[in-house]
Every structure is written in structure tokens, then in C-alpha cells.
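Here is a guided walk through one protein chain, written to be read with the structure open beside the text. Let us begin at a turn and work outwards from there.

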Amino acid sequence: ILLIGFGLLSFGCGGGGGGGGGGGGTTGSLTFRPSTGIRLIHAVIDLAPTALISSLTPDKVLETAKFGLASAYVSLDRQDQIMNVPSVASLVTPLFTQTVSPQRDLRQTLLVYGNRETLGLRSALLDDFPGKPSSTKSAVRIIHALTGAAAVDADFELAGAHHALSADFGQASGYTEIDPGTWNINVRRHVDSTPAVSEARTFEAGKAYSILIEGEQGYLVLAVQLND
């Protein structure tokens with residue numbers, strides 16, 4: 001069993017997803033993060049890099065992402081549009097389409113998950129943290145894209161404090177506010193409590209985070225910390 005923990009990958013403000021629109025770095029903050037926009041998360045272990053294209057600008061690649069990474073957020077015009085997600089090798093053939101209705105102060109995640117062999121390729125549209133967390137708290141959630149687990153549970157523990165989060169496959173838990181600091185996080189498969197990953201992570205006050213759990217249970221597990 002190969003478990004790769006939180007220490008391997010950690011990305012700020014939506015992560016670094018590759019070219020197309022200038023993905024963020026692995027630390028720090030992007031110089032621009034739109035109040036209204038979308039990012040692409042690629043969580044399919046056997047899928048080539050993918051692109052994000054809007055029906056309003058069909059000849060323009062907004063962002064790209066490869067497995068294990070999230071793109072930067074990209075701003076969107078506030079009108080209904082279709083987001084197409086093709087392989088970067090074949091931009092004219094979408095793997096997925098997703099209708100979005102951008103609203104003011106709404107950022108969203110388009111999650112690509114599943115696999116080619118048994119589950120098929122899937123997508124889900126998730127709403128990210130609205131506004132800003134309390135200036136004295138951190139907001140955290142988990143996003144579950146780990147194949148081999150219908151649901152996962154995560155325990156956040158620090159100095160006697162405990163928060164439990166759960167998510168079904170392809171979905172995110174709700175956000176919960178926690179005290180800033182370094183928390184021990186243990187993620188396990190819900191059905192039989194098989195461990196997926198265990199690590200300590202640091203969260204800052206006034207920031208919202210997603211912990212993306214992806215890969216394949218019992219083979220390769222990645223946990224990516226994203227600033228929302």
C-alpha cells in the first residue's frame with residue numbers, strides 16, 4: 001500500500017494547474033483572484049491533462065490542469081454559459097459539459113473525478129466559500145475524489161479540540177470554522193475505517209481551505225490543501 005500524505009502537495013489559492021491562464025504557485029497568493037469565477041480540479045488518476053473552455057469564448061483555453069492539481073480561479077462574465085472540459089490533446093471534443101450561472105461573490109470548483117476502468121469519468125460543480133471567514137477563525141472542508149471509497153471521514157484534532165467532517169464520493173463536506181493553528185488530520189474510508197492519510201496541517205486566521213482527497217485507496221493517495 002502506498003500512501004502519500006499531505007506533505008507532498010500543497011497549493012495556494014486554487015493551486016498550480018499548468019498553463020492556459022497562469023496557474024498559481026505552490027505557496028503564497030495569486031496577485032488576482034476574482035470574486036466571481038471558477039477553477040478546475042483534475043482528480044482522475046488515469047486521465048490526461050484537461051482544459052477549461054467557456055461557450056462564450058470557445059476558441060480560448062481559460063485554464064488547464066493535470067492529475068493531482070487544481071487550476072487557478074478564472075473570472076467569468078455574469079451570464080449563463082457552458083463550461084467545456086476536453087483533453088488538452090483534443091480540445092474540440094469535450095469530456096464533460098457543465099452549465100454555470102455566475103453570480104457576484106460566488107466562486108465555484110468544477111471537479112473532474114472517477115476513473116476510466118470501472119467508475120467512468122464524472123464531474124461535479126461545487127460552491128466554494130462565500131465571502132471571507134471570521135478574522136479570528138479558519139474555515140475548512142474536505143473534497144472527496146478518492147476512488148475505492150464511497151465516502152470518507154476526516155477528524156481534525158488540536159489540543160483537545162475535535163471537528164469531524166464527512167463527504168460522499170465526488171462531493172464536498174460543508175465548511176466548518178476552526179481555530180487557526182496546526183491541526184492533526186486523519187482521513188479514513190467510512191465503510192470500514194481503513195486509513196487513507198494522516199498528517200498535520202497549518203491553517204491561518206481569516207482564510208478558507210479545501211483539503212482534496214484523491215487517488216486510489218490502497219494504491220496512491222494524495223491530499224492537496226487548497227486556499228479557497
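Strands β11 and β12 make a hairpin with two residues between them, and Ala159 in that turn has a positive phi of about 50 degrees. This is a predicted model, so please read every value below as computed from predicted coordinates. The two strands run antiparallel and are joined by eight bridges; within this ladder, Leu158 has Ala161 of β12 as its bridge partner.

Strand β11 also holds Phe156, a good residue to centre your view on. Is Phe156 buried or exposed? Its relative accessible area is 0%, so Phe156 is buried, the cut-off being under 20%. Setting aside residues up to four places away in sequence, Phe156 touches Val140, Ile142, Ala161, His162, His163, Leu165, Trp183, Asn184, Ile185 and Phe203. You can also look across to Arg201: 45 residues separate it from Phe156 in sequence, while their C-alpha atoms lie 9.5 Å apart.

Phe156 leads straight into the largest nonpolar core, which has 21 residues. Which of its members touch the most other members? They are Val140, Ile142, Phe156, Val187, Val197, Phe203 and Ile213. At least two residues of this core come from each of β10 (138–147), β11 (151–158), β12 (161–168), β14 (181–189), β15 (195–203), β16 and β17. There is also a second, separate core, with 15 residues, among them Ile38, Ala65, Val85 and Leu110. As background, nonpolar side chains tend to be buried together in soluble globular proteins.

Now follow the chain to another hairpin, made by β16 and β17. Strand β16 (residues 208–216) pairs with β17 in the antiparallel sense over eight bridges. Ile213, already met as a core member, has Ala223 in β17 as its bridge partner. Three residues lie between the strands of this hairpin, and Gly218 there takes a positive phi near 85 degrees.

How many of the residues of β17 (residues 220–227) are buried? Eight of its eight residues are, so the strand is mostly covered. In a regular strand, side chains alternate between the two faces of the sheet. In β17, Leu220, Leu222, Val224 and Leu226 point one way, whereas Val221, Ala223, Gln225 and Asn227 point the other way, and all are buried.

The loop between β16 and β17 contains Gln217. With a relative accessible area of 14%, Gln217 is buried. Its side chain reaches the backbone oxygen of Pro195 at 3.0 Å. Leaving aside neighbours within four places in sequence, Gln217 is in contact with Leu146, Thr147, Gly148, Arg189, Thr194, Pro195 and Ala196.

Two open sheets of four strands are worth a look as well. One has the order β4-β3-β6-β7, with antiparallel pairing. At its edges stand β4 (63–65) and β7 (94–100); each has a single partner strand, so one side of each is left without a neighbour in the sheet. From one strand to the next, the twist averages 20 degrees. Within this sheet, Met83 stands opposite Gln98 in β7.

The other open sheet runs β5-β2-β8-β9, and its pairing is mixed. Its edge strands, β5 (74–75) and β9 (120–127), each pair on one side only. Ile38, a member of the second core, has Val74 in β5 as its bridge partner.

The antiparallel strand pairs can be set side by side:

| Strand pair | Sense | Bridges |
|---|---|---|
| β11 and β12 | antiparallel | eight bridges |
| β16 and β17 | antiparallel | eight bridges |
| β6 (residues 81–86) and β7 | antiparallel | six bridges |
| β2 (residues 37–42) and β5 | antiparallel | two bridges |

Finally, step back to the whole chain. Its secondary structure comes to zero helices and 17 strands. Of its 228 residues, 50% count as buried. Among contacts between residues at least 6 apart in sequence, 64% join residues at least 24 apart.

How far should you trust the model? The mean pLDDT of the chain is 86, and 86% of the residues reach 70 or more. Please take care with residues 6–31, where pLDDT stays under 50; for that stretch the model has 84 contacts beyond four places in sequence.

Methods:
Residues numbered from 1 in each chain as written. Predicted model: local features only at pLDDT ≥ 70, side-chain atom pairs only at ≥ 80, totals over all residues. Heavy atoms only, no water. pLDDT = per-residue confidence, 0-100. Contact = heavy atoms within 4.5 Å. Buried < 20%, exposed > 50% of the residue type's maximum accessible area, 1.4 Å probe, protein only. Pairing = 2+ DSSP bridges. Core = buried A, V, L, I, M, F, W, Y, C linked by side-chain atoms within 4.5 Å. Polar contact = N/O pair within 3.5 Å; in protein donor to acceptor, adjacent residues only side chain to side chain. Axes fitted to C-alpha atoms, helices over the stretch in contact; angles between N-to-C directions.
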